[in-house]
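This briefing introduces a structure to a reader who has not met it before. Please look over the sequence and the model, then continue with the points below.

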Amino acid sequence: MSLITKVFKGDFFHTLGLKKFQHLSNHVLGVNLYGKIEFLKPISELDELRNRYKFQESIIKDLGNGFMVPGFVDAHAHAPQSVNVGLGTDLPLLDWLIKYTFPTESKFQEADYANLVYSRFVKRNLQQGTTTTCYFGTIHLDSCKILVDLCTKYGQRAIIGKVNMNRNSPDNYIETTSDSIRDTEAFVEYVKNQPTDLVEPIITPRFVPTCDPDLMYQLGEIAKKNDLRIQSHVSENKDEVAWVKDLHPECKSYSDVYYKHGLLNDKTIMAHGIYLTDEERKLYQKVGASIAHCANSNFTLSSGCLNLRQLLDMGIKVGLGTDVSGGYASSMLQCIRDTIICSKAKSFETQDKHNEIDFREGFHLATLGSAKSIGLDHKIGNFELYKHFDALWVKTDVENGPFDSFNTDSIEDRFQKWIYLGDDRNIHKTFVNGKQVK
Ligand SMILES: O=c1[nH]c(=O)c2nc[nH]c2[nH]1
Ligand SMILES: [Zn+2]
């Protein structure tokens, strides 16, 4: 039997960095038995590859006038909030949490409800080409386990956190410190004992206002002991920032609260960061923490407009997040477009065109950039050799598709049109770990 299970020939788009967009035309990509990329070579080397690996001609799939890209990586999404996508778009963050979000999340104490909502959301993510998501669950251990099981069942790569909150939360959606710690440890054990490493755990204090110092400190200790990633929210909304200042006058800044409690390091992914101070940005740079930029959410909850370029220029790791359901769209294509629009708004505001993000940079941030931000770039994010084959086969000529392409469109034009106008109708096949999942 050959080591090679799949071979694709045609056009491939991926990035090696923010300004390192690559179009590999007339190439062949081989996937091995372990679901990893074994080769990516010019088509002129096909005979040699066939001799070396002894694969059958019949396994070669021609991408035609379509192309292949790495799967999208959503660096920040709330699985339980997927029930609310497109709803509750009228309030700013703190009111939105109380009126819509906490009541919705509290329902996930019911395992059947979690099963229904999570199975739909995981399937929809794969349908839309999101091969990896960094998820927030709820405070409920059992429904978080269900999310792990469903990602494993449907084949989505995921990082999943059980949410922690022990203050400033409704009576029916709050935990004691000891329950929170016990269930977090149990969740981490559960994920670690899965037969595959498709899903990984992450420590998930919701945000400073809902986690008291003792809880934050203990969560930092669990993360340190188990070498785990950490995710939370920071500086999304001006009232939120003022509240954190009131709660923690002893700390220099919002980010300093996380830092002082052992929650801000090179394995941390903080969503938003719109209102970080210069000093805070330098802290992210120093410790190597990431920001998940969630443009749709920032517009929808009227939070503000991040200066993304400023973070990128400082070398801070940035990924893109849909932030469902603060963000109303779970599609990463939409997320790229919102990132571009947000950057243009920033460029008008600052009268500085340098702040604009173009579609190639947006594509990079939604793939390798997001993978880096959540610490998975050693496994996924582009088509480098021996990375896991998480990929999308995109077709631009589809019946009743979302846009028209013409003979005069080059393959690069088709790629650009897809970024701006495409949707899941263009995603012919989705692969995770070498396995077809759509
Ligand atoms: O966009 C957000 N969504 C949330 O669920 C949340 N919780 C705290 N801060 C938050 N921000
Ligand atoms: Zn969020």
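This is a predicted model. The shell around ligand 1 is made up of 3 nonpolar, 5 polar and 3 charged residues. The chain that forms this shell has an average pLDDT of 98, and its radius of gyration of 22 Å is close to the 22 Å that the globule rule gives for 438 residues, so the chain is as compact as a globular protein of that length.

**Confidence of the prediction**

- With the chain average at a pLDDT of 98, 100% of the residues score at least 70.
- For the complex, the predictor reports an ipTM of 0.98 together with a pTM of 0.99.

**Surroundings of ligand 1**

- The residues around ligand 1 are H78, L93, L97, T101, R206, F207, H233, E236, S297, D323 and G326.
- Helix 2, which covers residues 93-106, contributes the most to this shell, with 3 residues.

**Overall fold**

- The chain contains 14 helices and 17 strands.
- Its C-alpha trace extends over about 65 × 50 × 40 Å along the principal axes.
- Of the 438 residues in the chain, 51% are counted as buried.
- Among contacts with a separation of 6 or more, 75% join residues that are 24 or more positions apart.

**Annotated domain**

- An unreviewed UniProt entry lists residues 67-437 under "domain: Amidohydrolase-related".
- Across residues 67-437 the chain is 43% helix and 17% strand.
- The C-alpha atoms at the two ends of residues 67-437 are 18 Å apart.

**The loop position D423**

- D423 is located in the loop that runs between helix 14 (411-421) and strand 16 (427-432).
- D423 counts as partly exposed because it has 16 C-beta neighbours inside 10 Å, a count that falls between the limits of 12 or fewer for exposed and 20 or more for buried.
- Leaving aside residues up to four places away in sequence, D423 touches S331, L333 and P402.
- G129 and D423 are separated by 294 residues in sequence, while their C-alpha atoms are 9.1 Å apart in space.

**Backbone features in loops**

- The peptide bond that leads from V324 to S325 is cis, and its omega is near 5 degrees.
- S325 belongs to the loop between strand 14 (317-320) and helix 12 (332-350).
- S302 is not a glycine, although it has a positive phi of about 50 degrees.
- The loop between helix 10 (295-300) and helix 11 (308-313) holds S302.
- S302 has 13 other C-beta atoms within 10 Å and is therefore partly exposed.
- Q351, likewise a residue other than glycine, has a positive phi, near 55 degrees.
- Q351 is situated in the loop between helix 12 and helix 13 (359-373).
- Q351 counts as exposed because it has 7 C-beta neighbours inside 10 Å, where 12 or fewer is the limit for that class.

Conventions
Residues numbered from 1 in each chain as written. Chains lettered and ligands numbered in written order. Predicted model: local features only at pLDDT ≥ 70, side-chain atom pairs only at ≥ 80, totals over all residues. pLDDT = per-residue confidence, 0-100. Near = placed C-beta within 6 Å. Helix = DSSP H or I, 4+ residues; strand = E, 2+ residues; numbered from the N terminus. Nonpolar A, V, L, I, M, F, W, Y, C, P; charged D, E, K, R; others polar. UniProt positions renumbered as here; feature names shortened; annotations may be inferred. Rg over C-alpha atoms; globule rule 2.2 N^0.38 Å. Contact = placed C-beta atoms within 7 Å.
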